[in-house]
Every structure is written in C-alpha cells, then in structure tokens.
Amino acid sequence: GPRSPTSSQPASGWWPLLGRRALEEQATCLDRLSDGAWHMVDHCGGESRDLCTEVEWSWASAADCGYGFIDRERVAEAFRGKTVVFAGDSSVRNVFHAFNNMATGRDMAWTPAPAANAEAAAEAATLKHSDQFERHEDLDLSVHFLWRPFVADLLETVDQGWELHAKDISGKPDVILAGATLWDVLHNHDRQAFKESVESLAARVGPRDVGGGVTVVTFLLPLKIVDDRLTTEEKRNLMAEADVRPYRDMLRESEALAGSVDFVLDGLAMSDGREDDCLDGVHYTAMVYHVINQVFLNGLAAVPQFEPLQHQSRLVASVPPTTTTAHASPRVGSMASPVHGAFVLLLIFIMLFYMDSFFGVARFMLQMHGVHLDWDAAYQPVHDKHPRPAGRAVPPAPQAEQPPVKAPAHDGQD
C-alpha cells in the first residue's frame with residue numbers, strides 16, 4: 001500500500017538502510033497521525049489566567065513526527081494550482097468548509113443560524129445535501145464537495161473516474177478526502193453489505209504509488225455520536241454511538257482500506273472530549289473540524305508534492321483564539337479548587353445547622369454562660385425603648401376566649 005515500499009522502489013535486499021528506515025518511520029507516524037487529545041492550555045503565563053486559557057488539541061507524537069500547526073501561507077504554497085475533492089457525508093462537508101476557510105483566511109464560524117422560516121429551512125437542507133464548489137482564483141485552487149452519504153455512492157463516483165465539472169472547471173483531483181458511514185448505519189442496517197462496499201471501494205482506489213502527481217486519498221472515520229443530543233427518535237434508536245461503533249471499528253481494522261488509502265483520519269480521536277460542543281448529536285462546532293483539517297494537512301505533509309506543508313511553527317493543532325472564544329464550552333478558571341469549594345460548603349452547612357452566622361461559636365458561648373437569647377429577648381427591649389410613631393395604628397392584642405355569658409334566670413316578674 002501507499003504507506004509501505006512500492007513496486008517502483010528497489011527490492012529490500014539491496015535497499016539503502018537509511019531509506020528503508022525513513023519509510024518505516026513515516027509509516028509509523030502516519031499510523032499515529034490521529035493520536036492526540038484535547039486539553040486546556042495557558043498562553044499568557046501571567047495574571048488573570050482564566051482569561052488566557054483556551055482549548056487545544058495536540059498530538060501525542062508531535063515531536064517525533066514533526067506534526068504541528070500549519071498556517072495559511074504554507075497551505076497557499078502547497079495547494080497552488082491543485083484540485084481538492086471532499087466526498088462523503090456532512091462531516092466531510094464541514095471539513096470542506098474548514099479547508100476553504102484556511103485557504104482564504106476567513107473566520108471559522110460558518111455554522112448556519114437556525115432558519116427563520118420553513119422556506120429558508122428547505123433551502124438550507126437542499127444546499128447541505130448537494131454538491132458544492134469553491135474556486136480560489138488567487139491560488140488557482142479548485143475545491144469540490146461531492147455529497148455522497150453512502151459508501152455505495154463513493155464507489156459509484158470512483159467508477160466514474162472522479163469526473164469533476166463545476167463552473168467550466170474540470171480536472172483530475174490531486175487530493176481526495178472521503179468518508180461515509182452514518183447514513184449506512186441509519187438507513188441500511190447491514191454491516192456485511194457495508195463491509196463488502198468498503199472492500200470494493202478499497203480495491204478501486206488502490207494500491208497506488210504516492211508521488212509523481214498521483215492522487216492522494218484519505219478516509220475520515222465517523223466522529224463520536226452524543227446520544228442525548230440526537231434530535232430525532234429514529235436517530236436515537238438506530239444511530240446511537242453503540243450502533244455506530246461496530247462500523248467505525250470495522251473501518252479502523254480493515255486491512256483493505258488501510259492498504260488502499262494513504263492515511264486514515266480517526267474522527268473519534270478528534271471529537272472525544274468535546275461532547276459539550278456537539279450541536280445535534282452528530283455535528284460539532286467549527287473548531288473540531290478546524291482540528292480535523294489540521295490533522296489532514298499534517299498527513300499530506302508526508303507526500304512529496306505537498307512538501308511545503310512540512311514547515312510547522314507550533315506542535316499543536318491550535319484553535320484560533322477568536323474561534324475558541326466563540327465556540328468553546330465554559331472554562332474553569334485557574335483559581336478553582338475542589339478542596340477549597342468543599343471547605344466553603346462545610347462552613348455553609350455549619351452556619352445553617354446552628355442558625356448562627358459565626359459558625360456556632362456565638363451560640364456555644366451563650367450556652368456556656370447560661371444565657372438564653374431568642375428573638376423576643378433580643379428585640380423586645382428595643383421595641384419598648386422605641387415605640388411606634390403616633391398615628392400608626394397598633395393592632396389590639398388578642399383577647400383570651402371568654403366562656404359564654406348565661407342570661408339571668410327569670411324570677412317571674414316582668
């Protein structure tokens with residue numbers, strides 16, 4: 001496959017040791033391309049750190065493999081004059097948006113607002129479930145999104161030779177990012193048929209030699225499904241995380257797929273831990289797709305025709321501060337302490353138990369000196385010393401109930 005020595009290279013028996021070792025290290029790094037995690041970081045190192053911390057996703061093997069943040073200048077240099085295709089479901093479409101925003105420097109917050117009316121909602125749904133195209137004239141870069149939600153749709157597109165026609169622009173793609181699983185889970189419910197389609201797709205795509213203008217192909221595995229945020233009963237019953245996991249594992253363990261694509265992007269690794277940023281159980285806020293795009297670019301950096309991507313400046317798939325501020329879930333400040341919080345709750349409990357704002361000390365001292373102090377004893381002398389002002393009616397004290405008065409007995413006289 002593309003991640004191992006190809007038939008066009010010298011036989012391993014007389015292969016230079018350095019070259020063989022370099023390819024082995026490259027294969028290992030591509031296998032670890034999606035290994036990383038989300039964490040909180042402090043970019044200021046000074047006071048008010050709760051205002052400077054933000055969320056970042058970083059690689060577990062960044063230093064060993066040279067992974068890091070790739071800026072817009074490197075993207076422009078590497079993709080000038082190229083054609084990029086994103087083919088698959090809505091997760092792939094969102095990576096398509098993230099890639100275009102990186103290429104143009106636009107703000108990452110593309111997530112559409114709720115439609116104002118039924119007509120606008122229908123128009124938005126039509127756009128989501130259709131092919132899209134972006135042309136960047138300053139870079140001579142064409143970027144296509146092909147709506148192919150089933151693996152069978154991807155297979156049909158491969159059989160058609162990835163024919164691309166948009167705004168009188170056509171050509172063979174230099175890069176393809178594909179991914180389709182969730183609609184097969186939701187609508188087909190047939191793992192065996194899915195497995196056969198994946199194997200057929202792998203057979204059509206590869207094996208190929210990387211370099212020399214050959215199309216680079218990668219596959220995106222499904223992101224984590226957040227069950228309690230799924231919006232329909234059908235999805236909760238048929239497309240929960242437990243339903244998607246066997247399909248994801250099948251793709252991850254598929255030797256046919258691994259041998260045909262240049263690298264695999266594990267969507268679970270880049271969405272796990274960001275459940276609070278999941279909008280509807282399936283789709284996430286923009287920063288998650290920004291990170292997927294960065295991991296995608298770092299994978300391409302191992303390919304000769306994308307060598308300009310190899311120059312990184314940071315070892316994290318950094319989220320732009322403006323994006324983090326807009327989309328990150330609420331952050332805990334640096335002064336937070338579970339121990340201190342528990343101590344404060346204990347003091348509150350003591351005050352409520354003794355009904356004493358001095359934590360029971362005042363009540364204990366009164367009891368020790370044999371002094372009984374209740375509301376009447378504390379405040380009645382004050383009321384006696386300062387009577388109510390004139391003109392303000394004082395309600396009469398309640399009279400004790402008297403026994404009924406009996407009429408005197410008649411003595412026979414009128």
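**Cavities.** I looked for enclosed space in this predicted model and counted 3 cavities of 30 Å³ or more. For the largest cavity I noted a volume of about 60 Å³. I found 13 residues in its lining, and the closest to the centre are Ala178, Leu201, Val205, Val217 and Phe219. I then checked which elements give two or more residues to this lining: helices H6 (151–159), H8 (191–205) and H11 (255–260), with strands E6 (175–179) and E7 (216–220). H8 supplies the largest share, 3 residues. By class I recorded 12 nonpolar residues, 1 polar and no charged for the lining of the largest cavity.

**Second largest cavity.** I noted about 50 Å³ of space here. Its lining includes Asp89, Ser91 and Val92, the run Gly179, Ala180, Thr181 and Leu182, and also Leu220, Leu221 and Pro222. I recorded 6 nonpolar, 3 polar and 1 charged residues for the lining of the second largest cavity.

**Strand E5.** I turned next to E5 (residues 141–147), where 7 of 7 residues are buried. In a regular strand, side chains alternate between the two faces of the sheet. I therefore examined each face of E5 and found both covered: Leu141, Val143, Phe145 and Trp147 are buried on one side, and Ser142, His144 and Leu146 on the other.

**Partners of E5.** I traced 6 bridges between E5 and strand E3 (residues 83–88), which run parallel; Val84 has Val143 as its bridge partner in E5. Strand E4 (residues 132–136) pairs with E5 in the antiparallel sense over 5 bridges, and Phe133 has His144 as its bridge partner. I also noted that E4 and E5 form a hairpin with 4 residues between them, where Asp140 in the turn has a positive phi of about 50°.

Technical notes
Residues numbered from 1 in each chain as written. Predicted model: local features only at pLDDT ≥ 70, side-chain atom pairs only at ≥ 80, totals over all residues. Heavy atoms only, no water. 1 Å grid on protein atoms, 1.4 Å probe; cavity = no way out; pocket = protein on both sides within 12 Å on 5 of 7 lines; lining within 4 Å. Points joined across faces, edges and corners; volume = space filled by probe spheres on them. Nonpolar A, V, L, I, M, F, W, Y, C, P; charged D, E, K, R; others polar. Buried < 20%, exposed > 50% of the residue type's maximum accessible area, 1.4 Å probe, protein only. Pairing = 2+ DSSP bridges.
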